[in-house]
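Student: Could you take me on a close look at the largest pocket and its surroundings in this model? I would like one connected walk through the part, backbone and side chains included.

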Amino acid sequence: MLNQSRHKSILISIGGVEDKASFLPSARRLQKMGFKLYATPGTSDFLRESGVKNTLLYKIQTKKKPNLLDVLSSRKIDLVINFESAVLFPFRELYFDWYK
């Protein structure tokens, strides 16, 4: 149940356009449920272009603010959703097959 005293926050970082598109219905649902969404640059752009509001968090190495370290170290994130693209992790189906 969503704690009404403080909206929960989720950081989303997804590699690959296909994976972003697959996750889009879930992102819309999370937004509708009242979660505050943060996202890394590529994911943030994709979500925003698809009508999902989010707060952009820069990757640490860019030296721009706000960045992942700032928000994670201040404990503003309750959940991180992070998965690589199929291009970067081509055997993920085999790797995760045991979990099914």
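Tutor: Strand E1 (9-14), helix H2 (41-49) and strand E4 each supply at least two residues of the lining of the largest pocket. Keep in mind as we go that this is a predicted model. The lining is made up of 16 residues, and those nearest the pocket centre are Ser13, Ile14, Thr40, Lys59 and Asn82. By class, the lining residues divide into seven nonpolar, six polar and three charged. The volume of this largest pocket comes to about 210 Å³.

From the pocket we can follow E4, which spans 79-83, to an aromatic contact. The structure holds one aromatic pair. Its partners are Phe23 and Phe83, whose ring centres are 6.3 Å apart; the planes stand at 70 degrees, and because an angle over 60 counts as edge-to-face, that is the label for this pair. The contact links distant parts of the chain, since Phe23 belongs to helix H1 (residues 17-32) and Phe83 to strand E4, 60 residues apart. How buried or exposed are the two rings' residues? Phe23 has a relative accessible area of 13%, so it falls under the 20% limit and is buried. Phe83, at 29% relative accessibility, counts as partly exposed, because that value lies between the 20% and 50% limits.

Another ring has a charged neighbour: Lys36 lies over the face of Tyr38, at 5.0 Å from the ring centre.

Now for the backbone, beginning with the loop on the N-terminal side of E4. Arg75 lies in the loop between H3 and E4, and Arg75 has a positive phi of about 60 degrees although it is not a glycine. With 72% relative accessibility, Arg75 counts as exposed, because the value is over 50%.

The loop between E3 and H3 also deserves a look. Lys63 is placed there, and its phi is positive too, about 65 degrees, although Lys63 is not a glycine. Lys63 is exposed, with a relative accessible area of 73%. Pro66 is found in the loop between strand E3 (55-56) and helix H3 (68-73) as well. A cis peptide bond joins Lys65 and Pro66, with omega at about -10 degrees. If you are checking backbone torsions, that loop therefore gives you a positive phi at Lys63 and a cis bond at Lys65 and Pro66.

Key:
Residues numbered from 1 in each chain as written. Predicted model: local features only at pLDDT ≥ 70, side-chain atom pairs only at ≥ 80, totals over all residues. Heavy atoms only, no water. Helix = DSSP H or I, 4+ residues; strand = E, 2+ residues; numbered from the N terminus. Buried < 20%, exposed > 50% of the residue type's maximum accessible area, 1.4 Å probe, protein only. Phe/Tyr/Trp six-rings, centres within 6.5 Å; stacked < 30°, edge-to-face > 60°. Lys NZ or Arg CZ within 6 Å of the ring centre and 35° of its normal. 1 Å grid on protein atoms, 1.4 Å probe; cavity = no way out; pocket = protein on both sides within 12 Å on 5 of 7 lines; lining within 4 Å. Points joined across faces, edges and corners; volume = space filled by probe spheres on them. Nonpolar A, V, L, I, M, F, W, Y, C, P; charged D, E, K, R; others polar.
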